[in-house]
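Here's a walk through a two-chain model, done as questions and answers. Each answer tries to show how a label was earned.

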Number of protein chains: 2
Amino acid sequence: MATNTELERSPERRLLAAARRLFYRHGIGVTGVAELCAAAGVSKRTLYELYGSKDGLVAAYLAELAERPTPLEEPLDRDDLTPRQRLLALFDRPTRPGLRGCPFHNAGVELPAADHPARATIRAHKEAFRADLARTARAAGAADPDGLAGQLLVLFEGANALLATLGAAAAFDPAHAAADVLLAAAIR
Amino acid sequence: MATNTELERSPERRLLAAARRLFYRHGIGVTGVAELCAAAGVSKRTLYELYGSKDGLVAAYLAELAERPTPLEEPLDRDDLTPRQRLLALFDRPTRPGLRGCPFHNAGVELPAADHPARATIRAHKEAFRADLARTARAAGAADPDGLAGQLLVLFEGANALLATLGAAAAFDPAHAAADVLLAAAIR
């Protein structure tokens, strides 16, 4: 139907949209090429022509995700908050349904092979987020911004990881309390 | 060869040993039934007779793992340390090669379906570890043992998660520094 926005987009856009939805929600391993193609409304031949392989689509999916913050990283960009408040807001309990932690970390768990084309993207994303944390920690007046950034990255990664196992409250409430203690110790 | 210990064990033991090695190292999704059977030296028919399906073997793999601490959890049981030292030792940089975080968390990332037989085991393991942390925090004299346990669980989960992406030093050194701050704030 020509009026359907989803169908009007290019096969690339439709495949990436299907990848974002299915890889994040169900996992990369369990999502087959047939399911991706059916969700995107393209043929398998089109997928292979565009991305070479499922691994190629996985790499493109992560490269596109790397262009903007993940939903759980968004509080770090809030301009209605002070730098210190932004660092703490990362640990507010998320309310958006269907969150299952960090898509980069999740992909890393499923794709441990050192030569997978997605691994450099995963590592670069974590390093870039750590640099954002350090910039914000510096703006917040931390005595050792890199040290505080490293601590908050571990805490953020842990809350993301536990979100899928224990739910948002059990993962983010203790992380928020810990972030409060770490910020108080690092910013005089 | 009858002298090979691996081959002398029962098909169940050999399949579980292959699952421990391959699921943890390479991931659950990418490890196929054929690869598991080849590594264990059993037929596919034997696998299906014993476990019903690959999902059944995954559930048995996690149930067996749940019988003892994971390598990264072991410091919590060290009887040469005080309770407070045990809590901090969880964040010593691990030296064992091939570690790729928590096998329960990793399985949870790959198996998000709420009705997968492994999910209850994953959740129960995290809750049991949190209870161990709270017991140790109480023995260490924490004013709010459950609160401290929740904070340390997030931090531990984060170090486990980052281990695979950034390596042991980048994951555990900042986690150790953060644990030190959290312990000092929680134990007067």
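Q: How much area do chain B and chain A bury between them, and what share of it is on carbon and sulfur atoms?
A: Keep in mind that this is a predicted model. Chain B and chain A bury about 3,100 Å² between them, and 69% of that is on carbon and sulfur atoms.

Q: Which elements of chain B give two or more residues to the side that touches chain A?
A: They're helix H2 (11-26), helix H7 (103-110), helix H8 (119-139), helix H9 (145-166) and helix H10 (168-186) of chain B. H9(B) supplies the largest share, 13 residues.

Q: What makes up the side of chain B that touches chain A, in terms of nonpolar, polar and charged residues?
A: The split is 21 nonpolar, nine polar and nine charged.

Q: How many residues does each chain put into the contact?
A: Chain B gives 39 residues and chain A gives 39 residues. To be counted, a residue needs heavy atoms within 4.5 Å of the other chain.

Q: How many salt bridges does the rule find across the interface of chain B and chain A?
A: Zero. The rule asks for a side-chain nitrogen of Lys or Arg within 4 Å of a carboxyl oxygen of Asp or Glu, and no such pair turns up across this interface. Polar contacts are another matter: seven residue pairs make them between chain B and chain A, with both residues at pLDDT 80 or more.

Q: What makes the contact between A:His105 and B:His105 a polar contact?
A: The two side chains come to 2.7 Å. The cut-off for a pair of N or O atoms is 3.5 Å, so this pair falls within it.

Q: Why is A:His105 called buried?
A: Its relative accessible area is 5%. Buried means under 20%, so A:His105 qualifies. This residue lies in helix H7 (residues 103-110) of chain A. Leaving aside residues up to four places away in sequence, A:His105 touches A:Lys126 and A:Glu157 in its own chain, plus B:His105, B:Ala161 and B:Thr165 across the interface.

Q: How do you know what kind of axis relates chain B to chain A?
A: Try laying chain B on chain A: a turn of 180 degrees and a shift of 0.0 Å along the axis do it, with an RMSD of 0.0 Å. That is the relation of a two-fold axis. In chain B, the C-alpha nearest the axis belongs to B:Gly158, 1.7 Å from it. The same surface serves both copies, as 100% of the contact residues of chain B recur in chain A.

Q: What is the secondary structure of chain A?
A: Chain A comes to ten helices and zero strands. Its C-alpha trace spans about 60 × 40 × 30 Å along the principal axes, and buried residues make up 51% of its 188 residues.

Q: What share of the contacts in chain A with a separation of 6 or more comes from residues 24 or more positions apart?
A: That share is 64%.

Q: Why does B:Leu22 count as buried?
A: B:Leu22 has a relative accessible area of 9%. The limit is under 20%, so B:Leu22 is buried too. You'll find B:Leu22 in helix H2 of chain B. Not counting residues up to four places away in sequence, B:Leu22 touches B:Gly27, B:Thr31, B:Glu35, B:Leu36 and B:Ala39.

Definitions and conventions
Residues are numbered from 1 along each chain as its sequence is written. Chains are lettered from A and ligands numbered from 1 in the order in which they are written. This is a predicted model: local features need pLDDT of at least 70, side-chain atom pairs count only at pLDDT 80 or more; totals for chains, interfaces and linings use all residues. Side-chain values use heavy atoms; hydrogens and water are left out. Buried area is the accessible area (1.4 Å probe) that two parts lose on being put together, summed over both. A polar contact is a pair of N or O atoms within 3.5 Å; within protein, one must be able to donate a hydrogen and the other to accept it, and residues adjacent in sequence count only if both atoms are side-chain atoms. Helices (H or I, at least four residues) and strands (E, at least two) are DSSP runs, numbered from the N terminus. Ala, Val, Leu, Ile, Met, Phe, Trp, Tyr, Cys and Pro count as nonpolar, Asp, Glu, Lys and Arg as charged, and the others, Gly among them, as polar. Copies are superposed by least squares on the C-alpha atoms of residues with pLDDT of at least 70 in both. Buried means under 20% relative accessible area, exposed over 50%, partly exposed in between (1.4 Å probe, protein chains only).
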